[in-house]
Amino acid sequence: MLPALLATAGNLHAQAFTGTFTFGGAGNVDSFAYNGTAIPGISVSPLTKNGVTTSSSSGNSRATGWPTGATNGSDVFTGSLDPTKYFEFTITAAPGKVINLPGLTFGIGRSGTGPRQWQWRSSVDGFAAPIPVGVLNASVAQDGGVITVPDSNSNWTGNEITTSGAAYENLSSVTFRVYVYNAEASSGTGGLAGPLTFSGTLADGGGVTTPTIFPAGTFTPFTTFLGTPSASQSVTVSGFNLTESILVAAPAGFEVSLDNSVFGPSVSLAQTSGEASGTVYARLAATAPEGAVSGNLVLSSAGATTENLGVAGTVQLPASLTAAGYTQDFTGFTSAASLPAGWSLQAAAQTYSAWETTTTGAKFNSETVNVFGYQHTGTTGVVQQVLTLRNDTSETITDMTVSYTGLVGRADQGRSPFYTVSVGGTEVPRLAFSTANGVDSTVETAVSGLSVAPGQTFQISWSSDGSEAGSPGSGSRRQIGIGSVSLTVGAAALAAPEFDVPAGTYFANQTVRVSNFSSYVAGTEVRFTTDGTAPGLESDLYNDATGITLVDGNGTVNLRAVAIDTATEEASLVTSAIYQFPLNVANLTALRASPTGSTIYRVTGQVTFTAGTSNRNTKFFQDNAAGIQIDDTAGTITTVYTAGDNVAGIIGRISTFRGQLQMVPVQDFGAPVSTGNAVTPIPRTIATLDNDVQSMLVVLQDVTFENAGQTFGGGGSTTPIADASTSGAFVNAFRNIFGDSNVNGATIPSGPNTLTGIVQRTSATVIAVGPRSMSDIVFDGTPSLSLQSNKVQLTAGATGETEEATVEVRRAGATDADLVVDLTQDVEGAFAADIDGSLNYLPLPTAVTIPAGSSAVTIYVVALDRSVSINATLTASAEGFEPATQLFNITGSGGGGETFQDWAQGAPLDDANLLKYAIGGASSPTATDGVAPVTGITATDLTLTAIVRTNDLSLTTEGTALIDLVGGTWSSNGVTMAPDEDQDGVPEGCERQIFSTPRGEDGKKFLRLESTLSGQ
C-alpha cells in the first residue's frame, strides 16, 4: 500500500499523483519507457540500466554484471557498491510547479547466483546516502537502507520507501537510483521485480504566472504503407495559467486525435480555471506521400511559448494486386531490409536469423526453404506478419482466393504456435494453420464479402502467439512460417466444402459434415482424405447421411476435401482442417518410447501415484515397468491424489528437460479407480541409477552422507552421498525433490542408511534420488548417541557466566520419532545445562529431546562453583541407544593450572617461546618435545591440527583466515575448532585440536593460528 499523499504547507492546489512502471515481458531492455498513466504537469524519464548488461526475466527488469562479493550459502559479504552500476529514472515538474515526493513501492529479485544487496539513493543529496525502507518484505532485512535478501532464486515485493523532510519538498526534478551489488557471480541476474510505483503531490511553485504549455514524452519514428495510416503514439500535454485552450496542429502527412479514434489535422485541449491536460495521439495519415515524412506538432495557446514536438516517419509502397493476381515466395529474403514490398512484422523481438536456427525472433531463408517465419518465447505476445496490398485492378474486389503454405520449423519442440488469418480486418477461420502435427501444409480458401475499391489498400495478417489450446506457458516452441503466397481475384466457379466441426483438439469421436453440401448441383461430388494427401477423383466419396467419422485415440487427423464437377472434372479449392486427438498407448513403457513434441498421448492402462510436490504441481506415477513425471505448472490437474491411488487414462504431451522425460497434462486425470495400492521400491545402487528407473520409486542400501550433521537445503538442493558402488566417493546423487516435505532443514543423518526415493535426472549426466519425507531415510547401523563440545576447559563461577560450552547431543539412528535423552554428571554439582536456549541453567540430571526429523540438538553447559581443578564427565543415555560421554576440565576461580611463568622458568615471553608453549605442548623453553602444527587441505576445507595448551586460563588460541594477504583482514569468522579424536601422546594440560575453514569458491585462502596471553 502506498503511503498517504499530503500537500506540503504553503503549497496551494496540491494534487496527488501516482505513476507505475509495469515491466511485463518487456523488461529486457537498456531503457524502459514509462508506461503508466499520464500525469498532467509531470514528465517521467525511462528507467535506464547503467554500467550493466540487460537480461530477461518475465515481470521484472534485471541485469548481469553487478559487483561480486557473496558466497553461496553465506551471509558474509566482501564486495561493495560500484557507483557506476545502477538503475535510474527521473521525475520532472512543469515550469511553475513543484513536486513533493512521499516515496516508492518496489520489488527486488535475483537468480541463484545473483546479487544479495540493494540501495536506493536520490539526487537530493547527490546520491550520497542510502534511503531507509519503511515497509519491508518479511523475508528481507535492511540496515540503514542497505537491503539484504536471502540466498535464494526469488522475488521480494511490497517494499515501500517513505521520503520525508525538506529535502524532498518543492522539487523541480528528482532522480532515483537503485544500486545493486554483492552478487555470487557476475553472470547472476538481479534488479527490480514487479511494478515500480512512485507517488507524491504536484503543487504550485510560485514565480511563474505566464501561460505555460508542458508536453511530456517524445515520438519514435513512424512507419506505414502508402494509403494506410500508421499505428499511433501518444504524449501527455499539460497547461497552466492559461487564458485559452491549447491548439495542437499536425504537420503535413500526420494527423492527431484526443481519443485515438477520430483523427484530424488538429485538436484542441480545453482549459478550465487556467489549467488543461490530456493525452494527444499522433500518426502518419493515409494521405501521407511515399518516402520520408517529418515535421513538428505545434502546441500553442495565447500568451504561452509555443512548443514543438518533432515527428518523423517513412511511408512505403504496398504490394500490387492486379487482375493477374499476386504471388510471393520470399526468394532472397534475408533480413528486415530485404522483406518483399508490402510486408511488415509487428513483434516484440525482431532479430532476424535463418530458419531452423534456435534464435528467438523473425526467420528467413535457409539453404533449402524460402520462408518468412517466427520463433516465439513465453513472453513474445501476439506477433503479426502483415501483407499490405493496393487494388491495382480496374474493378472493386468483392471475391478473392487466398492460398499460402504454412511451414513448421524445429518440429521436435514441445509447443505448437498457430496462425489466425484476417483478410481486410475480418478473420477467416478456414485460413488458420497449426504446427501441431509438425507437417508443412497448403492452406487455401475463397473469401467473399470484400469491398476494396480501385486504388484502395487493404491488409492480410497472419497472427500467432506461440501457444495452443491446452499448451500455454513457457517451454521450447516450434517455428511457424509463411511459404509461397498466391492471391487470385474473382469468385471461385465451384465453392469449396465447408466443415461444420472446426479444426481443434478433441477427446472423443467427432462426426464432420460438409455444411454447404446441399448447395451443390447434381453431378457434384465431394471427395476427402484423412492423411493430409490431396483429395481427387480416386479419394473416398463423402456421404452426407453418415458424414465423416474421426476416431479418438488414433492421433492427429488432417482432413482435406474437394468438390468436383463430375461432368467437367472441374475442382474447387481444397478445404483442410487439422483435428488433434490423443494417441492411445497401452502403458508407460510405450509412452517413454514415443516421440516428444506436440502429440497428445493417452495411457490407457492403470498407473499408480507415488508422490507429489507443490513446486510446479509436480506428480510422479508408475506402473509395473516404468515411471513418468507430471509437470503441471498450469494447475490442469485438480483431483487430489494420495500415494497408492491408481489412475487410468493419464493424458498429455511429453517433452524432456535436462534429460528428464516429463508429461504436461492437457486434462484432469479424474478420480482414482482404486486406492491403497502398494508400490514396492526397486533395489538399486547409486552406480546403477539410470533412465530405466527414471521417475520410479527405488531403494538404496548402506548409503552415507558426506555432510552428516549439517542440514538439508530447500527444494532442488543436492547433497553428496556414497555407497559401495561408488567406492567411497561422494557424488551428487541425492536431491531434495519434495521441497514442501520435512526434509527441508532436517539434520543430515550419519550412516549407513537405507534410502528410498524417486529417481530424477538433474542434468544430462547426473541422476539423483529424492526421498518423499524423512521417513524414507532409515538408519542401518547400531543406534548410538554422541556428545561434542566446542570447549572442554571451563572456569567455575556463578551460573550463567561466559565460561560456557556449546554441546551438541547427536543420535545415529531412526529419525521418525522424538527421542528423550537423559543427561547426567559423574561429579555432583560439577555443572548445569540450558536445554532450550532460555539461559535457565538446570543442575543435572535433566533431559533433552531430539525431535522427530532431526538427528541432533544443541545445549549449553556452564561450570558451577569449585575451588579446585577437577575432571567431570557429562553422560547422555537413552533406551535402545549406546550412551556417550564428554570429559570437561573445571578450574575453580580460586585455583589455576600451569602458567606461562611456571613453564618459562625465567625465559622471556617472545614469539618463539609463546609458540612452543601455546601450540605444540613443549614441557619447557629448552625442551624439544613440542609438535609443529600439521596443515591439511581437502576439496572443501583448509585445516590446521595442533596440540594446544588448555590449562592456562590466561591463554587464548584461535584460528583466523583471510582471502587477500595484501589488503585483507584476518578474521575468526567461519573458522571452527573441534578436538581431534586422536589424543595419543598429548602432554597433560594440552589437547590436540583441529581448526578448519571452508575453501568456498575462493581461488586463494589462508588459515593461521593466533595465541595471546592476557595481561602480557
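Thr765 is found in the loop between β55 and β56. This is a predicted model, and in it Thr765 is exposed, with a relative accessible area of 70%. If you want a distance to check, take Thr765 and Ala590: C-alpha to C-alpha they are 24 Å apart in space, and 175 residues apart in sequence.

Stay in that loop for a moment. Thr762 also lies between β55, residues 753-761, and β56, residues 767-770. Is Thr762 buried or exposed? Its relative accessibility is 17%, so Thr762 counts as buried, the cut-off being under 20%. Not counting residues up to four places away in sequence, Thr762 touches Arg658, Arg735 and Ala768.

Now step back into strand β55, where Gln760 is found. Gln760 has a relative accessibility of 8% and therefore counts as buried. Which side chains make polar contacts with the side chain of Gln760? One is Gln629, at 2.9 Å. Another is Arg735, at 2.5 Å. Arg735 is also on the contact list of Thr762. With neighbours within four places in sequence left aside, the contacts of Gln760 are Phe620, Gln629, Gln660, Arg735, Ile737, Ile767 and Ala768.

Next, helix α3. This helix spans residues 911-918, and its buried residues are Asn913, Leu914, Tyr917 and Ala918. Looking down the axis of α3, those buried residues fall within an arc of 115 degrees, so they line one face of the helix. What do they pack against? The partners are α2 at 900-904, β69 at 941-949, β70 at 955-962 and β73 at 1006-1013. After α3 comes Gly920, and the phi of Gly920 is positive, near 135 degrees.

One of those partners, β69, takes us to a sheet. The sheet is open, has four strands, and runs in the order β68-β69-β72-β71 with antiparallel pairing. At the edges stand β68, residues 934-937, and β71, residues 976-979; each has a single partner strand, so one side of each is left without a neighbour in the sheet. On average, and ignoring direction, neighbouring strands here are turned by 25 degrees against each other. Within the sheet, β69 pairs with β72, residues 990-998, over nine bridges in the antiparallel sense. For a position to click on, Val948 stands opposite Glu991 in β72.

There is another open sheet of four strands to show, with the order β15-β17-β21-β19 and antiparallel pairing. Its edge strands are β15 at 212-216 and β19 at 254-257, each with a single partner strand, so each has one side without a neighbour in the sheet. The average turn between neighbouring strands in this sheet is 30 degrees, direction ignored. Four bridges link β19 to β21, residues 276-284, and that pairing is antiparallel. Ser257 stands opposite Tyr281 in β21.

On to the nonpolar cores. How many residues are in the largest one? There are 41, and Phe21, Phe89, Trp120 and Phe198 touch the most other members. The strands that each supply at least two residues of this core are β1 (15-21), β3 (42-44), β7 (86-93), β8 (97-110), β9 (115-122), β12 (154-162), β13 (173-183) and β14 (190-204). Apart from this core lies another, of 39 residues, including Val402, Tyr419, Ile460 and Val485.

Let me finish on β14. Of its 15 residues 13 are buried, so β14 is largely enclosed by the rest of the structure. Three pairings of β14 are worth showing, and I will take them in turn. With β1, the pairing is antiparallel over seven bridges, and the bridge partner of Gly19 in β14 is Phe198. With β6, residues 60-64, there are four bridges, again antiparallel, and Ser61 stands opposite Leu192. With β8 there are eleven bridges, also antiparallel, and Gly107 has Ala193 as its bridge partner in β14.

Phe198 deserves a last look, as one of the core residues that touch the most other members. Leaving aside neighbours within four places in sequence, its contacts include Phe17, Gly19, Phe21, Tyr34, Ile39, Val44, Phe89, Ile91 and Leu104. Gly19, the bridge partner of Phe198, is thus on the screen twice.

Conventions. Residues numbered from 1 in each chain as written. Predicted model: local features only at pLDDT ≥ 70, side-chain atom pairs only at ≥ 80, totals over all residues. Heavy atoms only, no water. Buried < 20%, exposed > 50% of the residue type's maximum accessible area, 1.4 Å probe, protein only. Arc of directions from axis to C-beta. Contact = heavy atoms within 4.5 Å. Polar contact = N/O pair within 3.5 Å; in protein donor to acceptor, adjacent residues only side chain to side chain. Pairing = 2+ DSSP bridges. Axes fitted to C-alpha atoms, helices over the stretch in contact; angles between N-to-C directions. Core = buried A, V, L, I, M, F, W, Y, C linked by side-chain atoms within 4.5 Å.
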